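Grab a coffee and work through these exercises with the model open beside you. Each one sets a task, then walks through a solution.

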Amino acid sequence: MKKSLIIPILLYFVLSSILIFVWWIFEKRNISEHKNIATILSEQVALRIGDNINHKLSNMDVFREEWEGSPLKSKDEFTERVEKILNSTGGFHSINYIDTEGNIVFLSESKGHLWGIQSNMLDPSDQAVYDTFSLARKTGDIAISSVYEISKNRNGYIIFFPIKIDGQISGYLNCVLSVDKIVNYCLSRGSFKEYVYYIDDLQNEIYSNINADQIITSEILGSYSVPVFNRFWTVYVALTPWAVKELLSFSSKIILIFGLLIVFWISWTVKSFIELK
């Protein structure tokens, strides 16, 4: 092969390889920045969720202590007290009062109730509710269900707080927490829109803001586990599909192509120079 061809071809491959390597370093740096942000986000969101739920449990515990000191005797009294809790923090699906036989006596004024007045927690047709309420009756302590489907594709938890007067259980406060409401509230406080979130409870999915028709093509960039109830929830963060496409943006590709054209021009100029000599 002629010298006028070998040198330009070698020069083109060397220069284009260097260009592509430098370009990819910058792209990897961009990905690394997203990973750092996702790691911080997963921790922040997980801690917010943990604090939010602990605050709700604390509110319910205070309510129980107040009831034990001065029992509420009417629906109006109950509604007034519950409204204060519901207005102070989002995430409750409902708050109810249940007698010792498992019957709902007072029901909070919220939409989408799981039960109605006189619904019974000892109805064996709902095994999760039956098991959780039975545990509260047996132990006299707070009982928390496993993840529970409170409506279609919406998960939550059912919690019973035994009310004790003179050492005897006189009834139960019950709250139903909505995972979607809690997580969406926590995500509304400054989270980045180019990220999506997936949360599991002991490897059971309890939340995802990824649409069913979206295909996540990126790896999980960050994750963080936080103690919730008597177990751990793990928050995973990934890029949205459109953000994945933006990683290798159109402008970035144009720059690469333009650079390769310049390398080709340099190689062609060298070829012409050699031929002239």
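**Exercise 1. Find which residues have the most contacts inside the largest nonpolar core, and which helix gives the most to this core.**

Step 1: get the terms straight. A nonpolar core is a set of buried Ala, Val, Leu, Ile, Met, Phe, Trp, Tyr and Cys residues joined through side-chain atoms within 4.5 Å. Buried means under 20% relative accessible area, exposed means over 50%, and partly exposed is in between, with a 1.4 Å probe and protein chains only.

Step 2: look at the core itself. It holds 43 residues, and Ile49, Phe78 and Trp233 have the most contacts inside it. Helix 1 (residues 3-69) is the top contributor, giving 10 residues. Helices (H or I, at least four residues) and strands (E, at least two) are DSSP runs, numbered from the N terminus.

Step 3: zoom in on Phe78. Skipping neighbours within four places in sequence, the contacts of Phe78 include Phe63, Trp67, Ile95, Tyr97, Phe106 and Leu173. Contact here means heavy atoms within 4.5 Å.

Step 4: don't miss the other one. A second, separate core has 14 residues, among them Ile98, Val129, Ala136 and Tyr148.

A word on ground rules: this is a predicted model, where local features need pLDDT of at least 70, side-chain atom pairs count only at pLDDT 80 or more, and totals for chains, interfaces and linings use all residues. Residues are numbered from 1 along each chain as its sequence is written, and side-chain values use heavy atoms, with hydrogens and water left out.

**Exercise 2. Describe the surroundings of Phe133: where does it sit, and what does it touch?**

Step 1: Phe133 is part of helix 3 (residues 127-139). With a relative accessible area of 0%, Phe133 is buried.

Step 2: leave out residues up to four places away in sequence, and Phe133 touches Ile98, Asp99, Gly102, Met121, Leu122, Phe160 and Tyr172.

Step 3: check a pair that is separated in sequence. Phe133 and Asn174 are 41 residues apart along the chain, and their C-alpha atoms are separated by 9.5 Å.

**Exercise 3. Work out which parts of the chain the salt bridges of Arg81, Asp180 and Arg231 link.**

Step 1: a salt bridge is a side-chain nitrogen of Lys or Arg within 4 Å of a carboxyl oxygen of Asp or Glu. The structure has four of them.

Step 2: take Arg81, which pairs with Glu66 at 2.7 Å, N to O. Arg81 is in helix 2 (residues 75-88) and Glu66 in helix 1, so this pair ties together parts 15 residues apart in sequence. Arg81 is buried at 18% relative accessibility, while Glu66 is partly exposed at 38%.

Step 3: now Asp180, whose side chain meets that of Arg154 at 2.6 Å, N to O. Because Asp180 lies in helix 4 (residues 179-187) and Arg154 in strand 5, parts 26 residues apart in sequence get tied together. Asp180 is buried at 12%, and Arg154 is partly exposed at 40%.

Step 4: finish with Arg231 and Asp201, where the closest N and O atoms are 2.9 Å apart. Arg231 is in strand 10 and Asp201 in strand 7 (residues 195-201), distant parts of the chain 30 residues apart. Both partners are buried.

**Exercise 4. Compare Asp166 and Phe229: is each one buried or exposed?**

Step 1: locate them. Asp166 is in the loop between strand 5 (154-165) and strand 6 (168-178). Phe229 is in the loop between strand 9 (222-228) and strand 10 (231-239).

Step 2: check the backbone. Asp166 isn't a glycine, yet has a positive phi of about 55°. Phe229, also not a glycine, has a positive phi of about 60°.

Step 3: check accessibility. Asp166 counts as exposed because its relative accessibility is 79%. Phe229, at 19%, counts as buried.

**Exercise 5. Find where Asn103 sits and which side chain it joins in a polar contact.**

Step 1: Asn103 is in the loop between strand 1 (92-98) and strand 2 (104-107). At 17% relative accessibility, Asn103 is buried.

Step 2: its side chain joins that of Asn120 in a polar contact of 2.7 Å. A polar contact is a pair of N or O atoms within 3.5 Å; within protein, one must be able to donate a hydrogen and the other to accept it, and residues adjacent in sequence count only if both atoms are side-chain atoms.
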